[in-house]
Amino acid sequence: MSDSSQTMGGGAERGRDGHPWTARRFAPAWWLPGAHAQTLAGKFLRPAPDGMLENERIETPDGDFLDITWMPETDPAQPLVLVLHGLEGHTRKGYMVQTYLALADRGIRAVGLNFRGCSGEMNRKPRFYHSGETEDIGFVFGLLRERFPTRPLMAIGFSLGGNILLKYLGERGAKKTATFSAAVAISVPYDLSAGAEALERRGMARIYAGYFLRSLLAKVRSKREILANILDLDTVLASTTIRDFDEAATSKLHGFAGAEDYYRKSSSNRFIQAVRVPTLLLHARNDPFLPSSAVPLVAIEANPSLTLILSDGGGHVGFLEGGPPWNPASWVEGQSASFLAHH
C-alpha cells in the first residue's frame, strides 16, 4: 500500500554543507491501513528496551524537580538532542526509546525530558505541565548549553511536546535569543481548541480522550491535599472531557482565564511564524487528534525555516511501515534522526 505526501517549505531542508535534505516517502504497512490502526499500533507495537538508559534529577529554580533520561555517551563531542514526550507520556515510552536509538545510529546522543509529574514520581508543586509551558524547556536548554558549550544542541517534540517545542522556538525567534540549532516536531496539535474538539467526538476519539483523562484525574487525586485550596476538586473530578479538565484544572493552576484562553495563548499556530531555526514538521492528514483543516499550511509555507511533510496516512505518532506485526519498521524516528544529523 502506498501513501502520498506533500512537502511544504524550503529553507529547513538544507544542511550545514548547503546540500538539500530529502525525506523518504512514508509507506504504511498493509496491515495497518487506517488512522486508528496506525495510532494504536504506534503505541503498543514499538519496543522500548531501556536497560541502557540513565536517569538524572535536576532541581528547578522554583523548588521543584525535573527528571531527565540519558542515552550513554559514546563520543565526548557528540551532538545532543533533547526529546519531548506527548500528553501523559514519559521518557521510556516506545516512541521515545526508538527515537533515542535512531539518533544513536547516527552518532547523536539523546536526552529525554519528563514533564513535571510524568516520571513516575509526583512533583512537589501544585502545578503540573501543559501544552504551552516553555519555562522548563528553557531551563533545561540553559543547563545543557552550560554543560556542553561547544556541542550542537537540537530537539524533537512529539504531540503535546511538539506544540511546546514550536511555541518555545517561536518565542525565542521573536526575541532573537539563543535556542536549539535545529528541531523536529511530530503530530503537533497546532490548534489546541480544535484538538480538544476532535477528542470530544464519539467512537475511538472518545476512547483516546478517556485514556488521557483517567491519567490526569489520577494525578489530581494523588495531589489532593495540596490542590484542595486551589481547585474546586469536585468539579475537576467530575470532568468528562479534556476540555472540562482544562477548564477546571489546567487553566486554574497555570494562570489562564479558562480553557479557551489557555488554548488560544498556548497553541503553536500563533508562534510558528517566528521560528528561525531549521525545523521539520511531520504530520498525517488522518491524525485523529486534529482535523487536517487545523494544520496551519499558510503560515508554514510563509516561513522558510519550516519544512512540512504531510502524509495521507500515519495516524497520531504512528507512521509504522512494513515488517512483521511483532517488529514493524517505524518511519518517523528515522526521518527525524536523518534530518537532525543532516544539520
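**Figure 1. Helix α6 at the wall of the largest pocket.** Seven residues of α6 help line the largest pocket, and no other element gives more. Keep in mind as you look around that this is a predicted model. The pocket itself has a volume of about 880 Å³. Of its 44 lining residues, Gly86, Leu87, Ser159, Phe212 and Phe289 sit closest to the centre.

**Figure 2. Who else lines the largest pocket.** Helix α6 spans 204–222, and it has company: α1 (35–44), α2 (94–104), α5 (192–198), α9 (242–253) and α10 (259–266) are also among the helices that each supply at least two lining residues. What mix of nonpolar, polar and charged residues makes up this lining? The split is 25 nonpolar, 12 polar and seven charged.

**Figure 3. The second largest pocket.** Here we move to a pocket with a volume of about 190 Å³. Its lining is made of 14 residues, and those nearest the centre are Gln98, Pro328, Ala329, Ser330 and Glu333. Two helices, α2 and α12 (331–342), each bring at least two residues to this lining. The top contributor is α2, with three residues. Sorted by class, the lining holds seven nonpolar, four polar and three charged residues.

**Figure 4. Arg46 and Glu333, a salt bridge across the sequence.** Glu333 turns up again here, this time paired with Arg46 in a salt bridge whose closest N and O atoms are 2.6 Å apart. Arg46 belongs to the loop between α1 and β2 (54–59), while Glu333 is part of helix α12, so the pair ties together parts that are 287 residues apart in sequence. Are these two partners buried or exposed? Arg46 is buried, at a relative accessible area of 7%, and Glu333 is buried too, at 3%.

**Figure 5. Arg116 meets Asp62.** In this close-up, the side chains of Arg116 and Asp62 form a salt bridge, 2.9 Å from N to O. The partners come from distant parts of the chain, 54 residues apart: Arg116 from the loop between β5 (109–113) and α3 (135–147), and Asp62 from the loop between β2 and β3 (65–70). Their surroundings are worth a look as well. Arg116 counts as buried, with 2% relative accessibility, whereas Asp62 counts as partly exposed, with 29%.

**Figure 6. Glu73 meets Arg151.** Another pair of side chains, Glu73 and Arg151, comes together in a salt bridge with an N to O distance of 2.6 Å. Once more distant parts of the chain are linked: Glu73 lies in the loop between β3 and β4 (80–84), Arg151 lies in the loop between α3 and β6 (153–158), and 78 residues separate them. Glu73 is partly exposed, at a relative accessible area of 39%, but Arg151 counts as buried, at 8% relative accessibility.

**Figure 7. A network of salt bridges.** Which residues are joined into one network by salt bridges that share partners? They are Asp62, Asp64, Arg116, Arg127, Glu133 and Asp136. So the Arg116 and Asp62 you met in Figure 5 are both members of this group. As background, side chains of opposite charge can pair when their charged atoms come close. Over the whole model, the count comes to 21 salt bridges.

Note on methods: Residues are numbered from 1 along each chain as its sequence is written. This is a predicted model: local features need pLDDT of at least 70, side-chain atom pairs count only at pLDDT 80 or more; totals for chains, interfaces and linings use all residues. Side-chain values use heavy atoms; hydrogens and water are left out. On a 1 Å grid over the protein atoms alone, a cavity is a set of points where a 1.4 Å probe fits but cannot get out, and a pocket is an open set with protein on both sides within 12 Å along at least five of seven lines; lining residues have an atom within 4 Å of a point. Grid points are joined across faces, edges and corners, and a volume is the space filled by probe spheres set on the points. Helices (H or I, at least four residues) and strands (E, at least two) are DSSP runs, numbered from the N terminus. Ala, Val, Leu, Ile, Met, Phe, Trp, Tyr, Cys and Pro count as nonpolar, Asp, Glu, Lys and Arg as charged, and the others, Gly among them, as polar. A salt bridge is a side-chain nitrogen of Lys or Arg within 4 Å of a carboxyl oxygen of Asp or Glu. Buried means under 20% relative accessible area, exposed over 50%, partly exposed in between (1.4 Å probe, protein chains only).
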